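Colleague: I am new to reading protein models, and I would like to go through one with you, feature by feature. Could we begin with the general idea each time and then turn to the case at hand?

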Amino acid sequence: MNGFLVQNGGIQSSIQDMGRQGLSDIGLTQSGAMDELAFGYANMLVGNTLNTPALEIAMGGVVLEAQGMMRIAICGANMQVMCKEKVLALWQTHILQKGDILRFAFASDAQFAYLAVEGGFQTPYAYGSFSTSLKEGLGGIEGRKLKAGDFLLVLAHQNVGEKRKIQKAFVPSYPEEITVRLLKGYQEERFDAEAQRRFFGSTYTFKGEGDRMGYRLSGEKIVPSVTGILSEPICYGAVQIPSHGEPIVLLKERQTIGGYPKIGSVIGVDCFKLAQLKTGGKVCFCEVSLEEAHRATYAFYDFFKKIGVC
Amino acid sequence: MKRVYKIASESSVILYFGESIDPAVSKEVQKAYHALKEAKVEGFYELIPSYASLMVVYDVLSLTFDGACERIESILSHANTLVEHASSIVTIPVYYGLDVGLDLELLCEEKGLSVEEIIALHVKSTYSVYAIGFAPGFAYLGEIDARLATSRLANPRKAVPKGSVAIADRQTAVYPAQSPGGWKVLGRTPTAMFDATYKGLSLLHVGDSVRFEPISKEMFLRLGGEL
């Protein structure tokens, strides 16, 4: 059987695709790749469609043994992946042979790397997606992060495709200071002009408080005129401000409903940048119009569509 | 009843039908949820109902915010003439023993009621599913008798057993799986709340009516309950 034998599961590695759809009404979280850009590039390089399951590696520490010949690509955070005493370059394809061992060190520049394999991982499909939802314990490999001894099945390929590489100009950088675009909405009127001025005028720090569910940011405290609201649906990127006054941006494994006031939402395509922010990184919010938010989203997915991934 | 459309994100709109836990408001949410669900609009990815609001997540590549709102409004304006969605009544068997009703004694003390009185108050009402969230299949049911209304535990449990039937504020719920939680536990059901073999996966859906039926320990075990 072709695939990878997991020798070390690392800090938190899980199978992800674009996430679940249509089950939020019964409480299932969306889940899916935290950084769709790196995830999409990795799949594109090996000739997969965008929604093909890949391995999401948070922080690093993974060791995998190839059980056969495969074409792979690794995109995202730089984890100094070693194979046969050489560092494998990111953002391009590589051919692995049976017995090759991939060793991921720990990322210093960002949070998540994606390993895509030609044909995709043949892991269990649960509730309309291959994504692992760690909090709910469903999808992927028994609903949990990888551990030593797991086997990631890959369909055997007789012929592997050609060598491909993302042009330098398209490779994202992971700066330590980012600005994310926010579309005001939800309870925005509960934040008065002074609170909004401080929110948009401040630089917040990500102190590593967060996971696939969401990131809490530290900095200027904003007080909404209500401490709690009736529990309501939560969308991707929603910025909730609990009574401690510091924003929490809700990401892929967010709860489906919740009762904290929200000033609006970080646009989806900028959530990927936030997800990759390393501990100690800085974030500023800038307001965008609905039209700009739509244009940015359209441009992002249209890009993958144009290169034939969607 | 008027509804307010607001931006939630670039790909989702939230509709507000009111601002409080109110059976009439909840009915409006349920009606809208079912009407939109039945309309099966291409490009509407998620419909998430809650107490007084409903979110529609739409495909931003094929719909604008205004376009999505117009589509919703046209469906809902016709839904006003539709008969109320026929919801099912689900009976959930519960073993209310002190060995599984982890907070029964605490509640007796807090409320000045006997265990029997607490059970009687919990089983006498028919509850409505206001929302599902927190975990797959975790249904928020309301409202419990005011005499049972209680705060959450000061120190939430790290692991509430699967099937625990619990209360908090004026609400009651069943924990579909073992999870952390701060609701006060009265008993345990052997019935699965979330199961891949169920049509619709979740035993309960927003708008359903729910009753609890007390069962003996023997029956609980016979029905597959675990202590």
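Modeller: Let us begin with burial: a residue is called buried if 20 or more other C-beta atoms lie within 10 Å of its own. Please keep in mind throughout that this is a predicted model.

Colleague: With that cut-off in hand, how many residues of helix 1 of chain A are buried?

Modeller: In helix 1 of chain A, which covers residues 36–45, 10 of the 10 residues are buried, and the helix is mostly covered. Among the buried residues are E36(A), L37(A), F39(A), Y41(A) and M44(A). After the helix comes G47(A), which has a positive phi, near 80°.

Colleague: Which elements do the buried residues of helix 1 of chain A pack against?

Modeller: They pack against strand 3 (54–58), strand 5 (70–76), strand 8 (93–96) and strand 10 (112–117) of chain A, and also against helix 3 (268–275) and helix 4 of that chain.

Colleague: How should I read a sheet, and what is the strand order of the open sheet of 5 strands in chain A?

Modeller: Two strands are taken to pair if at least two bridges are found between them, and the order of a sheet is read by going from each strand to its partner. Here the open sheet of 5 strands in chain A has the order 2-3-10-5-8, and the pairing is antiparallel. Its edge strands, each of which pairs on one side only, are strand 2 (12–16) and strand 8 of chain A. From one strand to the next, the twist averages 25°.

Colleague: How many bridges join strand 2 of chain A to strand 3 of chain A?

Modeller: These two strands run antiparallel and are joined by 5 bridges; as one example, Q16(A) has A54(A) in strand 3 of chain A as its bridge partner. We can now return to helix 1 of chain A, which packs on this sheet and touches strand 3, strand 5, strand 8 and strand 10 of chain A, while its direction makes about 20° with that of strand 10 of chain A.

Colleague: May we step back to the chain as a whole, and ask how many helices and strands chain A has?

Modeller: Chain A has 4 helices and 20 strands. Its radius of gyration is 20 Å, close to the 19 Å that the globule rule gives for 310 residues, so chain A is as compact as a globular protein of that length. Along the principal axes, its C-alpha atoms fill a box of roughly 60 × 40 × 35 Å, and 53% of its 310 residues count as buried. If we take the contacts in chain A between residues at least 6 apart in sequence, 78% of them join residues at least 24 apart.

Colleague: Into which domains is chain A divided?

Modeller: The division gives domain 1 (3–170) and domain 2 (177–297) of chain A, with 28 Å between their centres, taken over C-alpha atoms. Between these domains, 19 residues of domain 1 are in contact with 13 residues of domain 2, and the domain 1 side of chain A divides into 6 nonpolar, 9 polar and 4 charged residues.

Colleague: How many residues of chain A are in contact with chain B, and which element gives the largest share?

Modeller: In this interface, 32 residues of chain A are in contact with 38 residues of chain B. On the chain A side, the largest share, 6 residues, comes from helix 4 of chain A. By class, that side divides into 16 nonpolar, 13 polar and 3 charged residues.

Colleague: Finally, why is strand 9 of chain B said to be largely enclosed?

Modeller: The same burial cut-off serves again here: 4 of the 5 residues of strand 9 (residues 164–168) of chain B are buried, so this strand is largely enclosed by the rest of the structure. Strand 9 of chain B pairs in the antiparallel sense with strand 12 (residues 184–188) of chain B over 4 bridges, and there V165(B) stands opposite G187(B). Another 4 bridges join strand 9 to strand 10 (residues 171–174) of chain B, again antiparallel, with A173(B) as the bridge partner of A166(B). Strand 9 and strand 10 of chain B form a hairpin with 2 residues between them, and in the turn D169(B) has a positive phi of about 50°.

Terms used: Residues are numbered from 1 along each chain as its sequence is written. Chains are lettered from A and ligands numbered from 1 in the order in which they are written. This is a predicted model: local features need pLDDT of at least 70, side-chain atom pairs count only at pLDDT 80 or more; totals for chains, interfaces and linings use all residues. The radius of gyration is taken over C-alpha atoms; the globule rule is 2.2 Å times the number of residues to the power 0.38. A residue is buried if 20 or more other C-beta atoms lie within 10 Å of its own, exposed if 12 or fewer, and partly exposed in between; C-beta atoms are placed from the backbone. Two residues are in contact if their C-beta atoms, placed from the backbone, lie within 7 Å. Ala, Val, Leu, Ile, Met, Phe, Trp, Tyr, Cys and Pro count as nonpolar, Asp, Glu, Lys and Arg as charged, and the others, Gly among them, as polar. Domain bounds come from an automatic or database domain assignment. Axes are lines fitted to C-alpha atoms, for helices over the stretch in contact, and angles run from 0 to 180 degrees between N-to-C directions.
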